[in-house]
Amino acid sequence: MPGEVVADEAFVSLVTNNSYANGALVLGYSLRRVNTTRKLVLLVAKEVLEPTRQRLARVWDHLEIVDVLDSGDAVNLALLSRPELGITFTKIHCWNLTQYRKCVFLDADTLVVQNCDELFERDELSAVPDIGWPDCFNSGVFVFEPSRATYEAILEYAVQNGSFDGGDQGLLNSFFSNWRTAHISRHLSFIYNMNSNASYTYAPAFQQFGRDVKIVHFIGPLKPWHYTYNSETSNVYTPSRGQGYVPHERTFLQLWWDIYVTFVRPEMREVEGLANGLSDIYISDHVVSDSNPEVQEISHQQAWERGEIDYRGRDKFENIQKKIQESINVLRDPTEAPMVLF
């Protein structure tokens, strides 16, 4: 049975567009499913449609409508091949939730699989080391203490210094630069922000510790709502690992879809103003298969990183030289616009 609700602490997430609402809906229900005793608060960009807001309000306790902040840093975002991440600067609005004493931020592409209310015992800024560069933390999950002064300080830092990756993770790691050397208690265990393909990239560890995982993070451009779900078999389709493609761990994808089908899809039709089939528009607009161009692009990148180079085709010298020159031209462009926050 769930315990008494702690009114001054909250799990917080962010939705900047209607597509990511799928993630926020499932995330909210996953928190309800594990009987959290904390409030659920969702930052919602003004661009999100009103019918979608109505649906989100049925699972989240409070929706905070916010303006979108964009880093405008195309060069650094290009290093990640993720230009859409600039909008994640909007995340810093979470420090304005001063009606709460302490909060835990969760990206909308995370999934809570076990109760993790103990995170509220940690101090600001507590987070999990990023698997790509462990001296930095991954900003998909972090403990923080709302403060208007902190919000203004982060915003000012962003204006003056930008972000080394063009997104919120680079900004927050620079602002909370002492995290690397801070007390070990601020370094959260991987079980609180597990990369969803860890079972493929480090299978022995997943076999040993996977049962302890509490929060799964579906990192990368392909999200659970981009996959195909078979209503007849109640199974999610995951493409093969061919050509270097490393999919999300199927167990967690299946759980995401089980929550979506059980709680989200039935209620879509109950919200007044939602058109018939709206959930299908969100879910089916991007089907993941072995022939999907986005999957092929990820497969190519991962194959390159493993040393599997297509010297006679896409990776021949002329193409590599052209790509390098394009990157140099971008870096040398004197007309590059400064970062804009709006």
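The buried residues of helix 5 are D168, Q169, G170, L171, L172 and N173, in a model that is predicted. Helix 5 spans residues 168–175 and is mostly covered, since 6 of its 8 residues are buried. Among the elements that cover these buried residues are strand 7 and helix 4, the latter running over 148–161.

The protein as a whole has 11 helices and 11 strands, and buried residues make up 49% of its 342 residues. When contacts between residues at least 6 apart in sequence are taken together, 71% of them join residues at least 24 apart. The protein exposes about 16900 Å², and carbon and sulfur atoms supply 52% of that area.

Turning to the interior, the largest nonpolar core has 51 residues, of which W60 and L106 touch the most other members. At least two residues of this core come from each of strand 1 (6–15), helix 1 (21–33), strand 2 (38–45), strand 4 (102–106), strand 5 (110–112), strand 7 (137–144), strand 9 (215–217) and helix 8 (250–268). Helix 8 gives the largest share, with 8 residues. If neighbours within four places in sequence are left aside, W60 is in contact with F11, S13, A24, L25, L27, G28, L31, R32, L40, V41 and L42. Another core lies apart from the largest nonpolar core and has 27 residues, including F105, F142, A158 and W179.

The second largest pocket holds about 210 Å³ of space. Its lining is made of 14 residues, and those lying nearest the centre of the pocket are F190, M194, A198, A205 and F206. Strand 8 (194–195), helix 6 (198–201) and helix 7 (203–209) are the elements that give two or more residues to this lining, and helix 7 supplies the largest share, 3 residues. Sorted by class, the lining of the second largest pocket contains 10 nonpolar and 4 polar residues, with no charged residues.

Some features of the backbone also deserve a look. Most residues other than glycine have a negative phi, and most peptide bonds are trans. Against that background, the table sets out two residues with a positive phi.

| Residue | Phi | Loop | Relative accessibility |
|---|---|---|---|
| N35 | near 60 degrees | between helix 1 and strand 2 | 38% |
| S234 | about 60 degrees | between strand 10 (228–230) and strand 11 (235–237) | 37% |

Neither entry is a glycine: N35 has its positive phi as a residue other than glycine, and S234 likewise is not a glycine. Why does N35 count as partly exposed? N35 counts as partly exposed because its relative accessibility is 38%, which falls between the cut-offs of under 20% for buried and over 50% for exposed. S234, at 37% relative accessibility, therefore also counts as partly exposed.

The remaining backbone feature concerns a peptide bond. Which form does the peptide bond from E124 to L125 take, cis or trans? The bond from E124 to L125 is cis, with omega near -10 degrees, and L125 lies in the loop between strand 5 and strand 6, where strand 6 covers 126–129.

Terms used
Residues are numbered from 1 along each chain as its sequence is written. This is a predicted model: local features need pLDDT of at least 70, side-chain atom pairs count only at pLDDT 80 or more; totals for chains, interfaces and linings use all residues. Side-chain values use heavy atoms; hydrogens and water are left out. Helices (H or I, at least four residues) and strands (E, at least two) are DSSP runs, numbered from the N terminus. Buried means under 20% relative accessible area, exposed over 50%, partly exposed in between (1.4 Å probe, protein chains only). Contact means heavy atoms within 4.5 Å. Accessible areas come from the Shrake-Rupley method with a 1.4 Å probe; for residues, only the protein chains shown count as cover. On a 1 Å grid over the protein atoms alone, a cavity is a set of points where a 1.4 Å probe fits but cannot get out, and a pocket is an open set with protein on both sides within 12 Å along at least five of seven lines; lining residues have an atom within 4 Å of a point. Grid points are joined across faces, edges and corners, and a volume is the space filled by probe spheres set on the points. Ala, Val, Leu, Ile, Met, Phe, Trp, Tyr, Cys and Pro count as nonpolar, Asp, Glu, Lys and Arg as charged, and the others, Gly among them, as polar. A nonpolar core is a set of buried Ala, Val, Leu, Ile, Met, Phe, Trp, Tyr and Cys residues joined through side-chain atoms within 4.5 Å.
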